[in-house]
Structure formats: C-alpha cells, structure tokens
Amino acid sequence: MGDRSDAGAVGHRETERVSNHPGFDLVLRGGTVVTAGSRSRSDVGIRGERVAQLGGDMAGAREIDVTGSYVVPGGIDMHVHLSAERPGPDEPNGFVDDFLSGSRAAVRGGVTTVGQMSFAEDGWQVRDAVARDLRAAGAQSLVDFVLHAGLVSVADDDLVAIDELAAQGHMSLKIVTLALDWDYANIVAAVRRAGQAGMLTLVHCEDEALIDFLGSDLVARGEGGLASYPRSRPDYTERVAVDRVIGICEATGAPMLIVHLSSAAALASARAARQRGLPLFVETRPIYLHLTDEVHRRADGGKFIGMPPVRSADDVAQLWRGLVDGSIDTIASDHAPWTLEQKLDPTLDVLTSRKGVADLETMLPMLFSAGVLSGRLSLERYVAVSATNPARLFGLYPRKGTIAVGSDADLVVIDPALSRVVDGAAMESYAGYSVYDGTEVSGWPRYTISRGEVVLDDGRVQGAPGRGSWLGRGPTVRGL
C-alpha cells in the first residue's frame with residue numbers, strides 16, 4: 001500500500017480565493033458533470049454532505065480545478081464479501097479483506113457505497129450476521145454501506161426475521177440457488193415474504209446437483225485439477241438455475257436480481273423473462289467482461305476461479321452487448337479476496353477450489369478504460385450501470401446515484417489521461433495480486449468525495465475508519 005506513481009495526468013490545481021464568506025465548503029471547477037441522462041461543463045458546489053449548487057457563481061473554502069476530467073456520481077458496488085475481522089494465519093478459509101482494507105480499495109477505485117453479503121455463521125441466525133457486520137462496518141468503513149441478509153437455508157424464524165429486517169431498513173435478501181435442491185419450498189416462501197415487504201432478492205444462480213455430478217465425475221476420473229474448473233460448471237449449469245429463478249419470480253411476483261451473470265445462455269433466458277414483464281434484473285461482474293476461458297488453461301489458472309467460471313469470447317461479447325442495450329442493469333465486483341497462495345493451493349480440486357477475486361479497486365477504472373475509452377459504452381451508460389441503476393434498485397435514489405442539488409455529495413473525478421499498469425501488490429486489498437496484473441488502464445479516479453469529504457485526494461486515501469454510514473433504505477423499484 002505504498003506510493004503510486006501516475007503517468008499522463010491532466011493538470012489539477014488548488015485555486016486560492018480570498019473570501020470571508022465562501023458560501024461552499026468545496027467547489028469543483030471546470031469538469032464535465034455526467035449523470036445517467038446528461039453531461040455538461042459545470043462547476044459543482046458542496047455544502048456539508050450535500051450537493052448545493054450546479055453552475056453559476058460560487059466560492060468555496062476549498063476549490064479544485066478539475067478541467068479535463070469527468071465528475072460522475074460515486075460508484076455503488078452492491079456485491080462485496082468482507083470479513084468482520086481479518087482472518088489469522090490459522091484461518092485459511094476467510095476472505096482476507098476486512099471493512100477497512102476493503103473500503104480503502106473502494107475509495108481508490110471510485111466506489112462510495114458498498115453492499116455487504118451478510119451470511120450467518122454455523123449456529124447463527126440471519127439477524128446475528130446482520131448485527132455482526134453492522135458493528136464491524138460501523139467501526140471500520142471509510143464509505144457508506146448497506147447489508148444484504150444472506151440465507152442458505154430457511155428456518156421458520158428466518159421468515160419472521162425478514163419482516164423485522166425490512167422494518168429496520170435492511171431492504172434486500174441474498175439467496176443461493178445452490179441450496180434449492182435441499183430447501184426449495186422454504187426458499188420460495190422467503191422470496192415471497194421478501195417481496196411482500198418491499199425487499200429485493202439477490203440470487204446466485206448455479207445448479208448444485210449438476211455441478212456436484214460433473215465435478216465428482218471429473219475427480220473420479222483423475223481429471224479434477226483446477227484447470228478443469230470450467231468443465232465442472234458449463235454454461236447450462238447457470239442457465240437452468242436462472243430458469244428456476246424465473247419460475248420463482250413468476251410464482252411470487254417478487255422483484256429479483258440475478259447476480260454475477262456470466263453467460264450468453266443465461267442472459268438470453270433473463271432477457272426473455274423481462275420481455276414478459278417480470279420484475280427481474282441482471283448484474284454482471286468485471287471478470288466476465290475482461291477475461292476469457294483461456295485463463296483457466298494457464299499454469300496459474302486457479303487464481304482466476306470464481307462462481308461461475310470465466311466464459312468464452314462469445315459470452316464476453318454478449319455481456320458487453322447486454323450492458324449497452326439494457327439487458328444488464330448493473331455491474332458489481334463480487335469482491336471476495338484470497339491470497340495467491342490460498343488460491344493456488346495444490347491440494348485443491350474443482351470441488352474444493354477457493355472461489356473469488358479482489359476487484360473493488362479495479363472494477364470502475366477497468367470499465368471506464370475498456371468501455372468508455374474504447375467506445376463500447378457512452379459516459380451516460382457508464383454512470384447508469386455503475387451508480388444510478390443500483391441506487392434505484394436498492395432504494396437509495398436520488399440520495400445516491402446521481403449529481404443533483406440535495407443529493408449526497410458522493411462524487412468521483414475521473415482523469416481520462418491518468419494511466420497506470422495494474423499491480424495488485426501495490427493495491428489496498430490484502431490479496432496481494434490482481435487478475436489484471438500487467439494490464440494498462442486509463443481513467444483512474446483522482447479525487448473521490450464521500451458525503452462531501454474528500455477521501456481520495458489527488459491519489460491519496462484519507463478519512464477516519466468508521467466515517468462511513470449504514471444506509472437505511474426504502475422499497476425497491478419494479479422497473480428501471
């Protein structure tokens with residue numbers, strides 16, 4: 001986490017102004033302000049935690065010239081896995097980032113709100129998991145956060161807890177389709193209960209029975225090494241799970257978000273369901289946009305393993321198309337970091353592999369570089385999938401997800417000329433590596449502002465641990 005050197009940066013300077021009554025705490029001057037529906041050259045005046053003025057005369061206690069840069073809403077990453085405490089050396093199966101290191105990565109990557117997956121530990125109830133993460137994030141996080149109540153199986157008390165959590169402002173539920181085969185009826189009941197409470201249900205879509213059958217068969221034939229991981233989870237194991245979720249959505253009427261969708265086949269099913277008017281939404285993940293399945297054939301292929309696997313070049317192309325045409329609503333990192341040693345443990349196989357990568361710091365710069373600068377995505381669509389759509393889906397709009405008078409001053413100044421070669425060892429995550437190591441990326445954040453406070457100041461992370469706030473939310477939308 002040492003100093004970073006920047007190449008090709010647009011000049012930024014502090015503007016000195018003598019005024020006994022500056023009017024604003026912070027003014028950003030000369031940037032291009034971008035929302036999901038507009039862009040304009042405009043100064044931004046911030047007072048306290050809110051955007052107070054766009055354009056016109058203004059003077060600030062601090063002023064920053066951001067000419068040549070884009071001012072966008074802070075990124076909203078609604079899919080992260082952070083540990084309440086960093087696991088020790090005798091705990092090899094815990095994600096290595098806590099809320100402090102994870103939120104530092106978020107700040108450096110232009111993310112100002114994160115959504116934590118709060119799954120219960122053995123013997124715990126879902127209330128316990130939410131309370132644990134509320135305490136930990138409240139003490140550690142530099143950015144604002146929400147908590148998704150996570151269920152693998154459903155007890156009667158969990159159904160009661162859904163209503164309680166919704167009343168408290170925890171308006172999202174996470175379920176895993178890997179559990180459907182042993183708790184189907186109860187999970188469907190939980191989804192309906194969540195929908196009735198105005199909650200959004202997030203769904204991990206893979207079929208447990210097929211994956212277990214294919215993986216066990218590979219291991220039995222002596223072909224179960226990590227290089228065979230994609231063979232243990234082909235695209236149809238994702239598609240059939242998505243089809244089951246579509247059925248649950250249709251039966252319950254509850255709004256549902258398919259998370260980290262990876263394949264063209266699954267996307268086609270989701271697209272057809274949406275065309276029938278179902279309240280079904282889709283999230284994808286950076287590794288499915290920037291990598292292809294050839295990485296699994298590399299000697300270090302185990303480091304790229306996630307759930308689902310990285311897919312083919314055609315799948316990648318179809319996901320980019322989905323981002324552009326609106327079939328995919330949002331992007332999230334699914335930040336689930338391990339060390340390289342943990343990922344490449346030679347005792348692992350396709351059934352026991354450690355799934356997940358660090359992506360909080362790289363998600364938005366990679367999307368800007370490979371999407372906006374390449375011409376694949378407009379600036380407005382970039383803002384929609386990274387900020388506005390998740391804010392709408394999770395009951396945060398217009399407080400979050402846009403730049404408007406009265407909205408939280410969650411802003412990111414992106415310098416399109418700021419280029420950097422990805423080096424995971426120099427990043428904030430304790431993973432110590434990145435799946436994009438060696439990739440040149442342009443368009444990194446120079447300033448990140450969270451509720452009016454500059455937490456990334458010309459490339460330097462700052463702000464007190466615990467300054468982030470938990471966000472109570474209202475009901476989800478049923479259409480974007």
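Q: How do H8 and H10 sit relative to each other, roughly parallel or roughly antiparallel?
A: Roughly parallel. In this predicted model, the axes of H8 (residues 264-275) and H10 (residues 313-325) cross at roughly 30 degrees and come within 9 Å. Angles under 35 degrees count as roughly parallel, over 145 as roughly antiparallel, 65 to 115 as roughly perpendicular and the rest as oblique. Axes are lines fitted to C-alpha atoms, for helices over the stretch in contact, with angles from 0 to 180 degrees between N-to-C directions. Helices (H or I, at least four residues) and strands (E, at least two) are DSSP runs, numbered from the N terminus.

Q: Which residues make that contact?
A: Ala264, Leu267 and Arg271 from H8, with Asp315, Gln318, Leu319, Gly322 and Asp325 from H10. Contact here means heavy atoms within 4.5 Å.

Q: Any filters I should know about?
A: Since the model is predicted, local features need pLDDT of at least 70 and side-chain atom pairs count only at pLDDT 80 or more, while totals for chains, interfaces and linings use all residues. Residues are numbered from 1 along each chain as its sequence is written, and side-chain values use heavy atoms, leaving out hydrogens and water.

Q: OK, on to the sheet. What's the strand order?
A: S9-S10-S11-S12-S13-S14-S15-S16, an open sheet of 8 strands with parallel pairing. Two strands pair if DSSP finds at least two bridges between them.

Q: Which strands are at the edges?
A: S9 (75-80) and S16 (330-331). Each has a single partner strand, so one side of each is left without a neighbour in the sheet.

Q: And what does H4 touch?
A: H4 (residues 180-196) packs on the sheet against S11 (144-151), S12, S13 and S14 (256-259), and its direction makes about 165 degrees with that of S12. S12 (residues 172-176) and S13 (residues 200-204) themselves pair in the parallel sense over 5 bridges, with Leu173 opposite Thr201.

Q: Switching topic: how many aromatic pairs are there?
A: The search of the whole structure finds 3. In Phe368 and Tyr382, the ring centres are 5.6 Å apart and the planes at 85 degrees, so that pair is edge-to-face. Rings of Phe, Tyr and Trp (its six-membered ring) pair with centres within 6.5 Å; planes under 30 degrees apart are stacked, over 60 edge-to-face and the rest tilted.

Q: Are Phe368 and Tyr382 buried or exposed?
A: Both are buried, which is under 20% relative accessible area (exposed is over 50%, partly exposed in between, with a 1.4 Å probe and protein chains only). Ring pairs also link them with Tyr70 into a cluster.
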